[in-house]
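Me: Could you take a close look at one loop residue in this structure and walk me through its surroundings? I'd enjoy a connected account, from that residue outwards to the chain.

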Amino acid sequence: MFNSMVGGAMLTMPILFRSTGMITGSIILAISGIISFVTCRIYVIHMSNEDKDVEWTIRRLLGSKWEKRFRFITGFYLILLCVIYIDLIVDQLY
């Protein structure tokens with residue numbers, strides 16, 4: 001799960017810095033880093049030894065309704081990553 005988050009950030013950072021500039025891109029990068037740190041900290045605090053991944057922790061703490069929402073958001077995120085990756089490939093070709 002964490003690999004896809006890092007991959008998504010690495011795909012969007014060149015587009016972000018190209019379109020907004022160094023200062024705005026750096027501010028957004030810092031805010032994104034803080035949000036990622038807080039999110040990972042909350043996950044580490046609440047996970048147990050029996051949890052195999054994030055889905056198990058969400059199901060245990062919030063129930064199956066939130067687990068379904070998590071799966072939908074994660075799937076939608078991966079589709080958006082594919083679109084960004086195709087955009088970067090096309091941009092490199094031209």
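**A loop aspartate and its surroundings**

Reply: Happy to! Let's start with Asp51, which sits in the loop that runs between helix H2 (22–46) and helix H3 (54–62). Please keep in mind that this is a predicted model. Although Asp51 belongs to a loop, the residue counts as buried, because its relative accessibility is 14% and the cut-off for buried is under 20%.

What does the side chain of Asp51 meet there? One of its polar atoms lies 3.3 Å from the backbone nitrogen of Ser48. The side chain of Asp51 also makes a polar contact of 2.9 Å with the side chain of Thr57. Then there is a charged partner: Arg60 and Asp51 form a salt bridge through their side chains, at 2.9 Å from N to O. In general, side chains of opposite charge can pair when their charged atoms come close. The two ends of this pair have their own exposure classes: Arg60 is partly exposed at 41% relative accessibility, while Asp51 is buried at 14%. If neighbours within four places in sequence are set aside, the contacts of Asp51 are Trp56, Thr57 and Arg60.

The salt bridge of Asp51 is worth placing among the others, as the count for the structure comes to four. Another of them joins the side chains of Glu55 and Arg71, again at 2.9 Å from N to O. This pair links distant parts of the chain, with Glu55 in helix H3 and Arg71 in helix H4, 16 residues apart. Glu55 is partly exposed, with a relative accessible area of 21%, and Arg71 is partly exposed too, at 44%.

Arg71 leads us on to Glu67, since the side chains of these two residues meet in a salt bridge of 3.0 Å, N to O. Glu67 and Arg71 both belong to helix H4 and stand four residues apart, about one turn of the helix. Salt bridges with shared partners tie Glu55, Arg59, Glu67 and Arg71 into one network. Within that group, the side chains of Glu67 and Arg59 are joined by a polar contact of 2.9 Å. Glu67 counts as buried because its relative accessibility is 5%. Not counting residues up to four places away in sequence, Glu67 touches Glu55, Ile58 and Arg59.

Now let's follow helix H4 further along. Leu93 is found in this helix, which spans residues 64–93. Leu93 is exposed, with a relative accessible area of 66%. Together with Tyr85, Ile86, Ile89, Val90 and Tyr94, Leu93 forms a nonpolar patch on the surface, and these residues have about 720 Å² of accessible area together.

Finally, here is the chain as a whole. It has four helices and zero strands, giving the pattern α-α-α-α along the sequence. Of its 94 residues, 15% count as buried. The exposed area of the chain is about 7500 Å², with carbon and sulfur atoms supplying 71% of it. Among contacts between residues at least 6 apart in sequence, 43% join residues at least 24 apart. The structure holds zero disulfides. As for cysteines, Cys40 is partly exposed at 28% relative accessibility, and Cys82 is partly exposed at 48%.

Technical notes: Residues are numbered from 1 along each chain as its sequence is written. This is a predicted model: local features need pLDDT of at least 70, side-chain atom pairs count only at pLDDT 80 or more; totals for chains, interfaces and linings use all residues. Side-chain values use heavy atoms; hydrogens and water are left out. Helices (H or I, at least four residues) and strands (E, at least two) are DSSP runs, numbered from the N terminus. Buried means under 20% relative accessible area, exposed over 50%, partly exposed in between (1.4 Å probe, protein chains only). A polar contact is a pair of N or O atoms within 3.5 Å; within protein, one must be able to donate a hydrogen and the other to accept it, and residues adjacent in sequence count only if both atoms are side-chain atoms. Contact means heavy atoms within 4.5 Å. Accessible areas come from the Shrake-Rupley method with a 1.4 Å probe; for residues, only the protein chains shown count as cover. A disulfide is a pair of cysteine sulfur atoms within 2.5 Å. Patches are made of residues with over 30% relative accessible area and no salt bridge: like charges are joined within 9 Å, nonpolar side chains (Val, Leu, Ile, Met, Phe, Trp, Tyr) within 5 Å.
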